[in-house]
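User: I'm new to reading protein models. Could you walk me through this one?

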Amino acid sequence: MLIPVLLAGGTGTRLWPASRQSRPKQFLPLAGGETSLLSATLERLRTLDDLGDALAIGSEAHRFVIAEQMHAAGHDGRIILEPAPRNTAAAVAAAAFEARARHGEDVELLVLPTDHAVADQAAFVATIERARAATGAGRLALFGVAPDRPETGYGYIRAGARVSEGVRVVDAFVEKPDVATAERFLAAGDHYWNSGMFMFRASDYLELLSEHARDIFDGVAAAYEKATTDIDFLRLDKASFEAVRADSIDYAVMEKTDRAVMAELDAAWSDLGSWTTVARAVGLDARGNSATGDVWLEDSDDCVVRSEGRLVAALGTRDQIIIETADAVLVADRSREQDIKALVAKLAAAGRSEATAHRKSYRPWGSYQQIAAGPRFQVKHIRVTPGGRLSLQSHHHRAEHWIVVRGTAKVTCDEREMLLTENQSTYIPLGAVHRLENPGKVELDLIEVQSGSYLGEDDIVRYDDVYGRPELEEHDTGAAPGTGA
């Protein structure tokens with residue numbers, strides 16, 4: 001059996017302001033269309049043979065969006081929650097322990113980052129099938145991509161002797177090169193980009209991790225043995241996992257074993273780690289521009305322009321990155337795009353919430369977005385999916401008005417229950433114990449007007465919650481004031 005392991009952590013700050021800590025790039029439709037990168041990763045698996053339920057690995061803060069997107073794609077596998085980021089060696093070890101416990105020693109893992117684009121599905125599947133012949137014999141395979149340009153943003157693999165069709169021995173791993181070195185690699189023809197995708201048997205990976213990085217093996221083993229479960233989530237033990245050394249699969253295992261092989265991947269692959277790589281995946285016009293959304297370009301060349309809402313018009317621009325979102329706009333010279341991450345860090349240090357949090361926030365029941373705010377008031381658009389149910393809660397410092405604009409709302413307010421339809425409204429007094437639900441078949445949209453002396457997320461007391469959340473979740477406190485429901 002082949003188990004996909006989806007690496008769904010990371011924050012993708014080089015793709016700010018679209019990608020932020022509250023909703024990183026892997027959950028966004030960055031490669032064109034409306035499909036998120038995580039959903040597209042799952043879609044690529046549909047034609048594989050002998051496929052088991054996927055395992056996803058991500059953070060506590062993103063657990064519900066991972067679950068939602070997996071379910072929408074028809075995958076209902078386990079979601080492993082990391083208490084802290086510890087890089088791929090530890091994350092994949094946790095998945096290997098879980099897969100082996102469920103499916104036995106011979107289960108194979110297909111490790112996939114969820115921020116990649118692959119244009120040629122048939123070639124992708126063919127590479128996986130060629131790699132399986134090697135992993136079935138105890139080898140550990142990684143996918144290498146033949147470079148078509150002197151790329152300095154990727155690590156490289158120097159390939160050696162051919163093992164079988166499309167599979168070669170790994171001679172060496174090479175760090176991200178400078179331009180001259182990358183040009184030499186391109187000319188030599190024996191260096192490949194390291195895609196970060198792997199395939200191996202769970203037992204083989206754990207054996208080699210134990211041999212070459214025993215401390216990581218022991219730490220993850222302890223975190224897995226003490227893990228707890230709720231719904232579809234496997235929560236690794238916090239103390240044990242936080243004590244694990246952070247390291248990559250490459251450093252911890254692959255560079256230290258003679259069992260590593262490289263499967264040649266020729267599938268129009270892109271690692272969407274920068275706006276330039278996103279532009280290549282989306283496509284360029286005759287003047288080298290990439291435009292997404294409501295964009296008007298006039299006499300412009302080699303620009304990356306993206307609009308998420310408003311019209312963005314560019315006149316006479318060259319080599320610019322222009323990204324528009326609801327609450328932040330980035331304008332950067334393309335030669336400086338590697339500095340976007342440092343810019344975001346400076347914004348965060350200055351206390352700008354836009355650095356890490358979107359104005360629109362997602363919850364297991366739907367989403368909410370701030371429309372307006374001022375002294376002692378705030379207005380929000382709340383969307384509840386069919387069957388969605390907010391927690392039973394109260395507030396100490398604010399009252400709320402709810403106006404239904406689409407769908408049907410079931411409202412609990414102290415001892416009363418009522419159904420509200422379009423253009424009807426209700427008032428939730430300060431201190432009232434209340435709940436909002438969507439009993440209908442279509443999405444529920446309502447406008448919430450909050451008023452009071454304090455509108456922070458920590459003014460919430462939960463009495464009952466079907467999603468198993470505590471009274472206040474840590475990631476709620478960093479969001480804009482409003483609905484923590």
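Analyst: Sure! Helices and strands here are DSSP runs, numbered from the N terminus. Keep in mind that this is a predicted model. In the protein chain you'll find 11 helices and 30 strands.

User: What radius of gyration does the protein chain have, and what would a compact globule have?

Analyst: The rule of thumb is 2.2 Å times the number of residues to the power 0.38. For 485 residues that puts a compact globule near 23 Å, and the protein chain has 24 Å, which agrees. Its C-alpha trace spans about 75 × 60 × 40 Å along the principal axes.

User: How many of the residues count as buried?

Analyst: Buried means under 20% relative accessible area. Of the 485 residues in the protein chain, 53% count as buried.

User: What about salt bridges: how many does a search of the whole structure find?

Analyst: You look for a side-chain nitrogen of Lys or Arg within 4 Å of a carboxyl oxygen of Asp or Glu. Searching the whole structure gives 38 salt bridges. One of them pairs Arg214 with Asp218, with the closest N and O atoms 3.0 Å apart. Both residues sit in helix α7 (residues 214–225), 4 residues apart, or about one turn of the helix.

User: Are Arg214 and Asp218 buried or exposed?

Analyst: In between! Arg214 is partly exposed at 44% relative accessibility, and Asp218 is partly exposed at 38%. Salt bridges can also share partners: Glu60, Arg63, Asp230 and Arg235 are joined into one network that way. Within that network, Glu60 and Arg63 have their closest N and O atoms 3.3 Å apart. Glu60 is partly exposed, with a relative accessible area of 31%, while Arg63 counts as buried at 1%.

Methods
Residues numbered from 1 in each chain as written. Predicted model: local features only at pLDDT ≥ 70, side-chain atom pairs only at ≥ 80, totals over all residues. Heavy atoms only, no water. Helix = DSSP H or I, 4+ residues; strand = E, 2+ residues; numbered from the N terminus. Buried < 20%, exposed > 50% of the residue type's maximum accessible area, 1.4 Å probe, protein only.
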